[in-house]
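Reader: I keep meeting words like "buried", "paired" and "edge" in structure descriptions. Could we go through one model and ask what earns each label?

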Amino acid sequence: MTDWSLALFRQTLRTYEPYSPSSRRNYRILPILSWSFAVVVPGGNVNACRLRENTPRPMPRAIKPPTPHWQTPTSRTSMFAKALLLFLAPAAVIAVDHAVAVGANNGLTFTPTVVTAAVGDTITFTVLSRNHTITSAPFSGAICPPPTGGVGPNAFDSGFLSDLDGSQPTFVYTVKDTVPHFASCQQAAGAHCRAGMTFAINPNATQTFAQFTANAAKS
Ligand SMILES: [Cu+2]
């Protein structure tokens, strides 16, 4: 195809640009023009195809690729949160609540009498009869009644909790260390305490629950 015919054809295509506002009408005209070029100019159709390939087409609607998860700030936050959870998980998993009944079956008892607990564990005392306290006491000496507020580091004292109305009140102690803690009841000026209403958290070989109960009975 000569330069002038190519130029003319380009101009024709430009004139009848398929995407111009009057494109519907031009679509009808364009094949006729193309055909005439094919007849008049050998190779015109091939060039028409080439030209049409070069014709700008509407851009496909942009599809934004998803941002890689390692680049988004939220992802970084969630990854940090996951790492933190993994770090904290062991502590969260091993924290246990130990249930202790106080005065079950109208007795002067703690059930169970001994709890082995880790730091962070909780002990939930539920008073099932009468009116009692859960008060930390010394291992020996003046045990009964244990003093108000309890004895020793990380002492505890529930105060009087009455089940006389059937409300079954509770007291929750969170374990803060692993040293032995002993407890009893303040009721009746130490009578419950001396009668064996005794309890121990983490007793050991030198400070046993049996010895504490024996000490209480004598106090
Ligand atoms: Cu009591």
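Reader: Which residue is the bridge partner of F182 in β10?

Author: A200 is that partner. Keep in mind that this is a predicted model, so we're reading a prediction throughout.

Reader: How do you know that β9 and β10 count as paired?

Author: Two strands pair if there are at least two bridges between them. β9 and β10 have 4 bridges, in the antiparallel sense, so by that rule they pair.

Reader: And what makes β3 and β10 a pair?

Author: Here there are 2 bridges, with the strands running parallel. The rule asks for at least two, so β3 and β10 pass as well. A200 turns up again here, since V114 stands opposite A200.

Reader: Why is the pairing in that sheet called mixed?

Author: Strands of a sheet can pair either parallel or antiparallel. The open sheet has the order β3-β10-β9-β6. β3 and β10 run parallel, while β9 and β10 are antiparallel, so "mixed" fits.

Reader: What makes β3 and β6 edge strands?

Author: Each of them pairs on one side only. Something also packs on this sheet: helix α6 touches β3, β9 and β10, and its direction makes about 145° with that of β10.

Reader: Why are both faces of β10 said to be covered?

Author: T198 and A200 lie on one side, F199 and I201 on the other, and all of them are buried. "Buried" takes 20 or more other C-beta atoms within 10 Å, so each of these four residues reaches that count.

Reader: Why is A191 called partly exposed?

Author: A191 has 14 other C-beta atoms within 10 Å. Buried starts at 20 and exposed means 12 or fewer, so 14 falls in between. A191 lies in helix α5, where Q187, G190, H192, C193 and R194 are buried. The cover over those buried residues includes β5, β9 and α6.

Reader: Which residues have the most contacts inside the largest nonpolar core?

Author: They are V100, V102, I123, F125, C193 and I201, in a core of 28 residues. The elements giving two or more residues to it are β1, β4, β9, β10 and α6. Take F125: leaving aside neighbours within four places in sequence, F125 is in contact with V100, V102, I134, S158, T170 and F171.

Reader: What makes β2 and β8 edge strands in the other sheet, β2-β1-β4-β8?

Author: That open sheet has 4 strands in mixed pairing. β2 and β8 each have a single partner strand, so one side of each is left without a neighbour in the sheet. For β8, strand β4 pairs with it in the antiparallel sense over 5 bridges, and one of the matched pairs is T122 with T174.

Reader: How confident is the predictor, and where is the pLDDT below 50?

Author: The mean pLDDT is 80, and 61% of the residues reach 70 or more. Over residues 29-41 the pLDDT is below 50, and this stretch has 15 contacts in the model beyond near neighbours in sequence. Where pLDDT is low, the predicted coordinates should not be read in detail.

Reader: And how many helices and strands are there in the protein?

Author: It comes to 6 helices and 10 strands. Buried residues make up 25% of its 219 residues.

Conventions:
Residues are numbered from 1 along each chain as its sequence is written. This is a predicted model: local features need pLDDT of at least 70, side-chain atom pairs count only at pLDDT 80 or more; totals for chains, interfaces and linings use all residues. A nonpolar core is a set of buried Ala, Val, Leu, Ile, Met, Phe, Trp, Tyr and Cys residues joined through C-beta atoms within 7 Å. Two residues are in contact if their C-beta atoms, placed from the backbone, lie within 7 Å. pLDDT is the predictor's confidence in each residue, from 0 to 100. Axes are lines fitted to C-alpha atoms, for helices over the stretch in contact, and angles run from 0 to 180 degrees between N-to-C directions.
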